Amino acid sequence: MSAEVRESAQGFVRESAQRKPARTQQRRPGNPLRDNADRRLPRIPPPCALVVFGITGDLAQKKLLPAVYDLANRGLLPTSFVLLGFARRDWGDGEFIELAHKAAKEHARTPWREDVWKRLAASCKFVPGAFDDDDAFDTLAETLLDLEESHGVAGNAAFYLSIPPDSFPIVLKQMQRTGMSDNIDDSITGYWRRVVVEKPFGRDLLSSRELNELVDSVFTAQDVFRIDHYLGKETVQNLLALRFANTLFEPVWNSHHVDSVQITMAEDVGIGSRANFYDATGTARDVVQNHILQLLALTAMEEPVEYTPDAIRTEKLKVLRAISLPDDLSRYAIRGQYTQGWLAGQRVPGYVQEDKVPDDSKTETYVALRLGVQTRRWAGVPFYLRAGKRLPRRVTEIALTFRRAPHVPFTASDTESLGQNQLVVRVQPDEGVTLKFGSKVPGTVMEVRDVAMDFLYGTAFTEASPEAYERLLLDVLIGDATLFPRHQEVEASWAVIDPLEEFWAGQHPAHYRAGEWGPVEADQMLASDGRIWRRP
Amino acid sequence: MSTLWDTTGTEVVKALGAARRNGAAVTSGLALTFVVVAEERHVEMAEAAATTAAAMHPCRLVMVVRRENTAPTPRLDAEVSVGGRLGPGEAVQLRMYGRLALHAESVVLPLLAPDVPVVTWWPGKAPDRLGTDGLGVLAERRVTDCAVHDNALDALRTRASDYAPGDTDLAWTRITSWRSMLAAAVDSAGGPGRASVTVTGGRVYGRPDSASAALLAGWLSSRLYTTVKVVDSDPKAPEKGGLPDPGGVSGARLDLAGADPIYIHHREGAGVVTRSGRPDSSAALTERDIGELLGEELRRLDADESYCAALAAATNSRGLSRRPGTRSLIWEDPAAAPDKRGEDLTVAGKVQGSRR
């Protein structure tokens, strides 16, 4: 081949391998100061109000208020911004500001700056009232209108429902009655109205459908943001980068090479003060339906055609709908409940001894499951999921175990301590990726043993990586729905959980001592498949 | 931490290897090598800043302090630490005496982390031509700071005439929050039910000798295809900026087609947006220390086209973006006769561990 031809051939390859041109920013095409090449400029939401129902609640104080302060401190809030609290307290703005000050100062991630706080405090408002109080909602609606004049928020508002789900209908109806939720189309009204809801999104397929229909009828479907804070974590987003930005992993990311997948979400804490909620919910509904199935979807999904909310959702939905349950549920769907035991050197009570938990409670605090994903990529690969409370340590991770090499030229005794290759994505703590593979032990004999190659987000990046709520809140105000599950995903997830709950109804969960890695039945489940749980 | 007196580059490489093995867990995942070229009087400031930046980005920090380059015998002292006083990562501090200072890259090249970008930062005055410093030649990204020069505008012009893709200046980094505010102000200028606005021009208020103000004006000129000038701010008139911030910028005006202009001015650590018919609004313009500015710089390891455009507009120069991104070493011997200075020696291929 002559040099010229080779050159042009290379030129062709280079051209076709070129990345797609960066998508023009669709949000505001008219702004000449915005440029896609200018990556220093952060995304800042338009002028808006954030209305929080249940502002005195635990979540609002520990996560929401600090996140708002952190955003302000990082210069990511618009110049015209109002934080509007609503709760059943006989309060004025002053008491609310005091509460917000305390919560933000105590839990903020970024350093405390008094001048940032002062500016934020100047835009904090409080409206007292109960959810069934028409007058209070009329006041709220008026306040919101006034803010347009006094603070220039331009009619944009996000409503954060940090309240129990059984209050949703009444609050949503009040918003509908007062016209606060009115916003058929941004381009006609010129402003947006969004609603943010927290899990649980219902307690089964039927109730979640009702809830979704209610929320979607008051707001329009694309204005509903369901917060699954796991999706706001950097490592979870990094999973997409790991899989789809690299050439190394995607070729082995299928049933030809992957033996099994284990997704673990362990907590060392008990149920705390959430007894009423937890006893009626259980682990499957509390974390498996949302967090774990979302992690599974991100692990198993095909490549989205582009990094947009719709494209990613399409792929996740395909996975969720392709999930299959095992035939033998009694062996592959294990529930557990912790009993009294020792954890981290402390004696902890069993689940039924916790405050306000009935003595004969059949609620599970542990779930281990085997699911399948019926696609060409994953047929035959078991997905083992487990989640539980009062396990030895707090850890969430996704571990892909690869098949053994079909042939190794070494003798069996050489590779005795060689396990299977593993790729582990650690979601929390010590966010990062570990690759486990065999390596020769130094010495005169050929002995192969497992070693780990570690990538740690933690030590080097933590200072700069924002809290999940911070990221998600910003996304809501900007209107970026990439990291929020839509109602179809929620419903597809419930379709997985419902048959399990049906099967478990009336059964007693297996017991495990607090401080152990779950009941023995869960170990037996993997043993019967010839596998063992990875110790995370 | 280990300290090596009167040593050689090979010994430093060995010491770093040993320190890495001892603290293996801390050092996985290097994203870049960060070379700091400091004078002795800047060492303290540079250390603090580099430590802050290293905490945000996993990097290997190589700090070079050149001393007494007239000393008769060359000498190298080194301090090697992993996860010590110079941040959580690997750090090497090198002090070079005598003629060795002119060949600093011979010590630094083997210390660069394999196959990751190199960023060089001059905390003090950077050379007029970055190519004369071997430590600038081996870097993909070069960070300077015009604000440390007595005449910052002259320094900015020097940077433009010497510009190569991959250069940036901290005077530019200092105005990121200003730029962000201006962009957000235009975003929200349309408002409910109103058509989007057209920006026809503007003004930047600030100290006339500020490189940051000049770059802000340059950026606006490049984005708006018009000439935006810097006007001396008037501390008594808020609409003319008021008091300048530490970078020297005190405000800006954006002219809109068929509407009243938007004023933004600096007041007590905040940017206040004023526009007739709308309530004033404000957001924090927090003052960032050098470490935080560097943290922003290390976030991007490719050429900054926006800076290039702003610099070109601010200094009226052309063709900056078409210059080659790699630099060649220009040999300049301070001891040699002045008429022999600046003779180009094309040894670029040998000197740089270039990834391109």
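# Questions on two chains

Trainee: At what distance does the side chain of Asp145(B) reach the backbone nitrogen of Ala147(B)?
Mentor: Start from the side chain of Asp145(B). Go from there to the backbone nitrogen of Ala147(B), and the separation is 3.0 Å.

Trainee: Is this model predicted or not predicted?
Mentor: Residues are numbered from 1 along each chain as its sequence is written, chains are lettered from A and ligands numbered from 1 in the order in which they are written, and side-chain values use heavy atoms, without hydrogens and water. Local features need pLDDT of at least 70, side-chain atom pairs count only at pLDDT 80 or more, and totals for chains, interfaces and linings use all residues; the model is predicted.

Trainee: Where does Asp145(B) lie, between which two elements?
Mentor: Helices (H or I, at least four residues) and strands (E, at least two) are DSSP runs, numbered from the N terminus. Asp145(B) sits in a loop of chain B. That loop runs between strand 7 (141-144) and helix 5 (152-162).

Trainee: Does Asp145(B) count as buried or exposed?
Mentor: Buried means under 20% relative accessible area, exposed over 50%, and partly exposed in between (1.4 Å probe, protein chains only). Asp145(B) has 4% relative accessibility, so it counts as buried.

Trainee: Which loop holds Asp115(B), and is the residue buried or exposed?
Mentor: Phi of Asp115(B) is near 55°, a positive value in a residue other than glycine. The residue lies in the loop between helix 3 (104-108) and strand 6 (118-121) of chain B. Its relative accessibility is 65%, so it counts as exposed.

Trainee: What is the phi of Ala344(A) near?
Mentor: Ala344(A) is in the loop between strand 10 (341-343) and strand 11 (346-348) of chain A. It counts as exposed, because its relative accessibility is 75%. Ala344(A) is not a glycine, yet its phi is positive, near 50°.

Trainee: Which are the edge strands of the eight-strand open sheet in chain B?
Mentor: The eight strands follow the order 1-4-5-3-2-6-7-8, with mixed pairing. An edge strand pairs on one side only. In this sheet of chain B, the edge strands are strand 1 (2-4) and strand 8 (167-169).

Trainee: Which residue in strand 4 of chain B stands opposite Thr3(B)?
Mentor: Two strands pair if DSSP finds at least two bridges between them. Strand 1 and strand 4 (residues 75-82) of chain B pair over three bridges, in the antiparallel sense. Opposite Thr3(B), in strand 4, stands Glu79(B).

Trainee: What is the strand order in the six-strand open sheet of chain B?
Mentor: Look at the edges of the sheet: strand 10 (229-232) and strand 14 (278-284) of chain B each pair on one side only. The pairing is mixed, and the order is 10-9-11-12-13-14.

Trainee: Which residue of strand 13 in chain B stands opposite Tyr263(B)?
Mentor: Strand 12 (residues 259-267) and strand 13 (residues 270-275) of chain B run antiparallel. Five bridges join them. Across from Tyr263(B), in strand 13, is Thr274(B).

Trainee: How many of the seven residues of strand 9 in chain A are buried?
Mentor: Strand 9 of chain A covers residues 333-339. The strand is largely enclosed by the rest of the structure, because the number of its residues that are buried is six.

Trainee: Which bridge partners does Gly336(A) have in strand 12 and strand 18 of chain A?
Mentor: Strand 9 and strand 12 (residues 366-373) of chain A run antiparallel, joined by four bridges. Strand 9 also pairs with strand 18 (residues 510-513) of chain A, in the parallel sense over four bridges. In strand 12 the partner of Gly336(A) is Tyr366(A), and in strand 18 it is Ala510(A).

Trainee: Which helix of chain A gives the most to the lining of the second largest cavity?
Mentor: On a 1 Å grid over the protein atoms alone, a cavity is a set of points where a 1.4 Å probe fits but cannot get out, and lining residues have an atom within 4 Å of a point. Leu231(A), Tyr307(A) and Thr482(A) are among the lining residues here. Helix 9 (234-244) and helix 11 (309-322) of chain A are the elements that give two or more residues. With three residues, the one that gives the most is helix 9.

Trainee: What distance separates the C-alpha atoms of Leu239(A) and Val425(A)?
Mentor: Leu239(A) lies in helix 9 of chain A. Its relative accessible area is 1%, so it is buried. Leu239(A) and Val425(A) are 186 residues apart along the chain, but their C-alpha atoms are separated by 7.6 Å.

How values were computed:
1 Å grid on protein atoms, 1.4 Å probe; cavity = no way out; pocket = protein on both sides within 12 Å on 5 of 7 lines; lining within 4 Å. Polar contact = N/O pair within 3.5 Å; in protein donor to acceptor, adjacent residues only side chain to side chain.
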